[in-house]
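Please take a moment with the sequence and the model before reading on. The paragraphs below are meant to be read beside them.

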Amino acid sequence: MSGPDPFSSTQSGGLTDREVAQAFDPDRLRQARQLALKTKHDVAIDVGVSPAAIGQYESGVTVPRADLISRFAESLDVPREFFVTGRPQAKLESGEAFFRSLRSTTAKQRAKATAFTEQLWELVHAIEKHVRFPRVDLPGFLGGEIQPGTFPANPEAAARALRQEWGLGDRPIGHLVRTIESHGIVTIFAPLAKDDEVRRIDAFSTLALSRPVIVLSPDRADDVFRHRFTAAHELGHLVLHGGQPAGDIALEREADRFAAEFLTPKAVMANVLPRRLDFGRLGRLSAEWGVSIKSLVYRSREIGLLSDATARRAYIRIELLIKEGELVNRPVIQFPTEVPEMLRRAVELAESQGLSVTSLARDLRWKPAQVRKLLSGEVDERPTLRLV
Amino acid sequence: MPDSLTPSEWFADHFGDYSLAVMKALVAAGQDAHTRSLEAKAGSKLRTNDAYGASFWLVLPEEIVSHLVFLPGVEILKPRRGRYELVVFDNAMLFPSRIGGDSAAPDSIKLRTSKVRHEMFSLESRATLDEPLDFESLDYEEEAVGPRYVADFGSATSLIFAAYDCSARGGPQHVYVGDATLQEDGTVIWLYREELPLRALEDATTLTLVTDDLAPRFDDSAPPTTTLEIRNPGENAEDEELADPAAKDEGTGTENDERT
């Protein structure tokens with residue numbers, strides 16, 4: 001953080017609109033607007049100015065009048081103090097984050113996701129003032145990228161290298177999300193999936209901040225096997241694609257290849273996968289390796305154990321079994337070590353030293369509900385007390 | 001499980017973990033085909049078994065399909081204008097047929113012949129050929145009218161022959177399953193044959209396909225530990241490795257059970 005913070009916790013409640021306007025941070029308006037999934041036009045209508053004026057406020061060309069501050073706060077559901085400059089802030093471009101459902105997300109949706117990640121970084125930064133997190137144990141990580149040449153460019157070889165680096169051997173990875181967290185990578189459930197407008201976003205990750213971040217959205221397909229593959233896919237982006245602009249479908253395929261090799265190493269799979277369509281055996285391997293039967297069929301075809309035609313029959317059969325309820329999803333919540341917990345645990349630890357969600361929110365100039373939302377991955381659904 | 005219910009090597013090779021379920025399904029299909037055919041006979045009020053026989057040849061394949069549809073990746077072939085469907089599982093087509101009378105003994109089975117039947121019994125030798133087959137003459141009872149049509153045997157590259165010795169009076173007596181060839185005169189030569197234990201399979205009310213509670217699970221191992229520590233008063237996070245990558249090695253590190 002640079003310079004003195006003019007808004008210590010004791011002062012934050014007493015700022016006037018004029019004082020907020022005088023210390024107005026243009027980028028906070030942009031961030032809040034993107035998080036609210038609103039266009040400049042939307043905000044302009046809410047506060048009663050022209051869309052061009054909103055653009056000028058966000059670019060810092062002009063400063064909004066004091067009487068607009070409360071209207072901005074109301075329109076974008078943030079405290080008035082949110083717009084005050086002087087707090088540490090991460091700036092993330094949407095090209096610096098990899099989105100799993102690349103083709104189905106819009107620029108607006110990605111903007112919300114990146115704004116969310118910026119806020120997440122602020123939360124992590126605030127918590128790290130009180131709690132020491134694990135060192136980032138990603139070989140070659142330089143606080144924004146992986147040193148070129150650290151990992152092989154080939155996704156499978158990179159997956160094997162990381163397995164070796166993390167001492168995972170050739171065994172099934174029992175607790176993938178916990179393993180990722182234990183190596184200092186911030187992993188979190190995004191509450192985005194409950195938002196109809198951004199529920200298409202499956203997951204995303206970025207290496208552009210001081211800690212690598214993986215954001216998962218389990219609600220989209222609440223199945224632990226898919227969830228684990230998604231987490232491994234995002235890990236693949238961190239290992240393979242630091243510094244490369246996101247948005248290339250080829251990079252998504254590389255991340256898939258990384259995930260498949262990371263979760264089910266070919267050297268082992270070639271010896272354990274059946275050479276004929278044997279759903280009994282595939283089911284047991286699925287449970288043992290924590291991947292879906294469909295993914296194992298895909299792997300079998302990839303390795304050359306099953307023909308394309310047999311794999312197609314298998315997919316059809318799998319879809320039928322799902323429709324008939326014979327194959328059911330396993331909710332992620334039933335697997336505690338696949339649910340991110342590092343941030344929540346860190347706050348619990350800090351609470352023993354007097355930190356609270358409320359004080360965190362005050363430091364961040366957020367509403368406490370927003371802090372809870374990020375920590376729990378849930379939308380704050382507590383009942384609202386209404387005075388009549 | 002009685003020994004008679006232990007699937008043979010041949011069954012295990014063709015149906016894997018589903019062997020026992022397939023054995024039971026084949027017996028149940030024969031029993032259900034018999035019951036439905038008896039109802040046809042009763043409905044016809046004929047003293048002879050014509051209605052029974054006329055029903056059985058159509059009902060049996062239908063029951064086979066409905067009892068084996070649970071198999072993963074199963075292929076059901078219904079040739080255009082064909083009279084019944086056939087099951088293909090793991091590249092093997094199952095062809096059921098009723099036997100009886102003089103040809104009821106397993107070594108003296110004689111089927112009516114047709115070009116298609118010969119093709120079916122020669123699937124292995126024609127597996128490399130790319131020649132479509134017509135199903136028009138598949139069943140001798142079918143009226144050979146209308147345009148010719150073509151169909152193939154899907155992914156089938158071999159044939160499993162299931163012979164049902166079944167009569168209106170006695171019901172299913174024997175069910176033989178195995179690999180066979182068909183001679184020009186319709187004589188069936190078994191290359192491998194086994195008889196299903198009808199009574200034992202009928203009594204087996206529940207079959208467990210895959211139950212192995214002790215099978216390993218991906219989350220059996222101990223989870224790794226994520227070490228979090230309260231910072232000392234005055235300690236500044238920004239002095240650490242995150243702000244200065246060169247100082248990374250001075251971090252607290254991570255205790256990971258899976259690394260040791």
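What follows is a walk through selected parts of this predicted model, beginning with a strand in chain A and ending with a pair of helices in chain B.

A place to begin is strand S3 of chain A, which covers residues 186–189. The side chains of A:Val186 and A:Ile188 point one way from this strand, while those of A:Thr187 and A:Phe189 point the other way, and all of these residues are buried. The partner of S3(A) to look at here is strand S5 of chain A, residues 213–216, with which S3(A) pairs in the parallel sense over four bridges. Within this pairing, A:Phe189 stands opposite A:Leu216, a residue of S5(A).

From the strands we can turn to helix H9 of chain A, which spans residues 224–240 and contains A:Glu234. Is A:Glu234 buried or exposed? Because its relative accessibility is 0%, and buried means under 20%, A:Glu234 counts as buried. The side chain of A:Glu234 also has a partner, since a polar contact of 2.7 Å joins it to the side chain of A:Ser205.

Helix H9 comes up again when we follow helix H12 of chain A, which runs over residues 279–289. The buried residues of H12(A) are A:Phe279, A:Gly280, A:Leu282, A:Leu285, A:Ser286 and A:Trp289, and they pack against several helices of chain A, among them H7 (155–165), H9, H10 (249–263) and H14 (308–323). Just after H12(A), the chain reaches A:Gly290, which takes a positive phi of about 70°.

One of the residues in H12(A), A:Leu282, deserves a separate look. A:Leu282 counts as buried because its relative accessible area is 1%, which lies under the 20% limit. Which residues does A:Leu282 touch, if those up to four places away in sequence are not counted? They are A:Leu273, A:Pro274 and A:Leu277, together with A:Ile293, A:Leu296 and A:Val297. As a further guide to the surroundings, A:Leu282 and A:Ser292 are 10 residues apart in sequence, and their C-alpha atoms are 8.9 Å apart in space.

Chain B offers a pair of helices to finish with, namely H2 of chain B, residues 19–44, and H3 of chain B, residues 50–68, whose axes come within 8 Å and cross at roughly 145°. The crossing of H2(B) and H3(B) is right-handed. Sorted by class, the residues in the contact of H2(B) with H3(B) comprise 15 that are nonpolar, six that are polar and five that are charged.

Definitions and conventions: Residues numbered from 1 in each chain as written. Chains lettered and ligands numbered in written order. Predicted model: local features only at pLDDT ≥ 70, side-chain atom pairs only at ≥ 80, totals over all residues. Heavy atoms only, no water. Buried < 20%, exposed > 50% of the residue type's maximum accessible area, 1.4 Å probe, protein only. Helix = DSSP H or I, 4+ residues; strand = E, 2+ residues; numbered from the N terminus. Pairing = 2+ DSSP bridges. Polar contact = N/O pair within 3.5 Å; in protein donor to acceptor, adjacent residues only side chain to side chain. Axes fitted to C-alpha atoms, helices over the stretch in contact; angles between N-to-C directions. Left-handed = near helix turned anticlockwise from the far one by under 90°. Nonpolar A, V, L, I, M, F, W, Y, C, P; charged D, E, K, R; others polar. Contact = heavy atoms within 4.5 Å.
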